[in-house]
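Biologist: I'm new to this one, so could you walk me through it? I'll ask, and you can reason out loud.

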Amino acid sequence: MTGRILLLGLSVLCAGAASAQSIPLPFSSDIEASRIGVIVTPDRRSMRGLSPSLVVARKQMHAHQPVSDANLIKLSEAGDGLAAQIYVRRLIASGAAERAPSDVAYYSAIAVETGRVWTLPDMIKAMKRLDRNTEPRPRLRKYIQVLYP
C-alpha cells in the first residue's frame with residue numbers, strides 16, 4: 001500500500017512538473033498503468049537441442065563439477081543463465097574483468113535476462129568500460145534488450 005501511495009505521489013509530482021514545462025510524460029498517471037512490469041526470458045530448463053558434449057557439461061555444472069570456459073560460453077549462448085553467471089564470476093575472480101569488459105557485460109546480460117538480477121551490478125560496471133565504437137552490434141542489442149524493460 002505504501003508503494004502505491006509513493007508511486008501516486010511521484011506521478012502527481014512528475015505530472016505537475018511536466019505540465020508546467022510542457023514536456024509530455026512517457027507514462028500515464030493512472031494507478032493501474034503505473035505498475036512496473038519485469039520481463040524475464042525463461043532460462044533453459046531442458047537438454048533439448050544441446051550436443052552430447054554440452055549435455056555432459058550441463059550435468060557437470062549442476063553437480064558442481066568443473067566445466068570448461070568454452071562449454072560455459074556455449075551453454076550461455078544456448079540460453080543457460082546459470083552457465084552465464086558462473087562464467088562471469090570466473091572472469092571476475094581471474095581478473096579478466098579488467099581485460100575483457102565486453103565479455104563480462106555480455107554474459108552478465110544473459111544471466112540477468114534469465115532472472116539472475118544479482119549479476120546486474122557487474123554488467124553495469126563492465127558496460128561503463130566499453131568502447132561503443134568497437135563493441136559488436138549483437139552485444140549492444142543484447143544490452144538494450146536487457147536494460148530497456
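Biologist: Let's start with a pair of charged residues: are Asp80 and Arg58 buried or exposed?

Modeller: Keep in mind that this is a predicted model. Asp80 and Arg58 form a salt bridge, with the closest N and O atoms 2.7 Å apart. Buried means under 20% relative accessible area. Asp80 falls in that class and Arg58 does too, so the word for both is buried.

Biologist: And how many residues apart in sequence are the parts that this pair ties together?

Modeller: The structure holds five salt bridges, so let's stick with the one between Asp80 and Arg58. Asp80 sits in the loop between helix 3 and helix 4, while Arg58 belongs to helix 2. The parts tied together are therefore separated in sequence by 22 residues.

Biologist: Let me step back to the whole chain. Which elements does the chain run through from the N terminus on?

Modeller: The secondary structure comes to eight helices and zero strands. Read from the N terminus, the order is α-α-α-α-α-α-α-α.

Biologist: How are helix 2 and helix 3 oriented to each other?

Modeller: Two packed helices are described by the angle between their axes and the distance between the axes. For helix 2 (residues 52–62) and helix 3 (residues 69–77), the axes come within 10 Å and cross at roughly 100 degrees. Angles of 65 to 115 degrees count as roughly perpendicular. That is why helix 2 and helix 3 are described as roughly perpendicular.

Biologist: Which residues of helix 3 do Leu54, Ala57, Arg58 and Met61 meet?

Modeller: Those four belong to helix 2, and Arg58 among them is also the salt-bridge partner of Asp80. On the helix 3 side, they meet Asn71, Leu72, Lys74 and Leu75.

Biologist: What about Gln85, which residues is it in contact with once its neighbours within four places in sequence are left aside?

Modeller: Gln85 lies in helix 4 (residues 81–94). With 4% relative accessibility, Gln85 counts as buried. Setting those sequence neighbours aside, the contacts of Gln85 are Ala111, Arg116, Trp118 and Thr119.

Biologist: Where do Glu113 and Lys142 lie, given that their side chains meet in a salt bridge?

Modeller: The N to O distance in that salt bridge is 2.8 Å, and both Glu113 and Lys142 are buried. The pair ties together parts that are 29 residues apart in sequence, because Glu113 is in helix 6 (residues 101–113) and Lys142 is in helix 8.

Biologist: Now the pair Glu98 and Arg129: how does Arg129 count, exposed or partly exposed?

Modeller: Glu98 and Arg129 form a salt bridge, with the closest N and O atoms 3.5 Å apart. The pair links distant parts of the chain, with Glu98 in helix 5 (residues 96–99) and Arg129 in the loop between helix 7 and helix 8. Glu98 counts as exposed at 52% relative accessibility. Arg129 has a relative accessible area of 42%, so it counts as partly exposed.

Biologist: How far apart in space are Lys128 and Ser102?

Modeller: Lys128 is found in the loop between helix 7 and helix 8, and counts as exposed at 71% relative accessibility. In sequence, Lys128 and Ser102 are 26 residues apart. From C-alpha to C-alpha, the distance is 10.0 Å.

Biologist: Last one: which residues form the nonpolar patch on the surface?

Modeller: Together they have about 200 Å² of accessible area. One of them lies in helix 7 (residues 120–127), namely Leu120, which counts as partly exposed at 30% relative accessibility. The patch is formed by Leu120, Ile124 and Leu147.

Terms used:
Residues are numbered from 1 along each chain as its sequence is written. This is a predicted model: local features need pLDDT of at least 70, side-chain atom pairs count only at pLDDT 80 or more; totals for chains, interfaces and linings use all residues. Side-chain values use heavy atoms; hydrogens and water are left out. Patches are made of residues with over 30% relative accessible area and no salt bridge: like charges are joined within 9 Å, nonpolar side chains (Val, Leu, Ile, Met, Phe, Trp, Tyr) within 5 Å. Accessible areas come from the Shrake-Rupley method with a 1.4 Å probe; for residues, only the protein chains shown count as cover. Helices (H or I, at least four residues) and strands (E, at least two) are DSSP runs, numbered from the N terminus. Buried means under 20% relative accessible area, exposed over 50%, partly exposed in between (1.4 Å probe, protein chains only). Axes are lines fitted to C-alpha atoms, for helices over the stretch in contact, and angles run from 0 to 180 degrees between N-to-C directions. Angles under 35 degrees count as roughly parallel, over 145 as roughly antiparallel, 65 to 115 as roughly perpendicular and the rest as oblique. Contact means heavy atoms within 4.5 Å.
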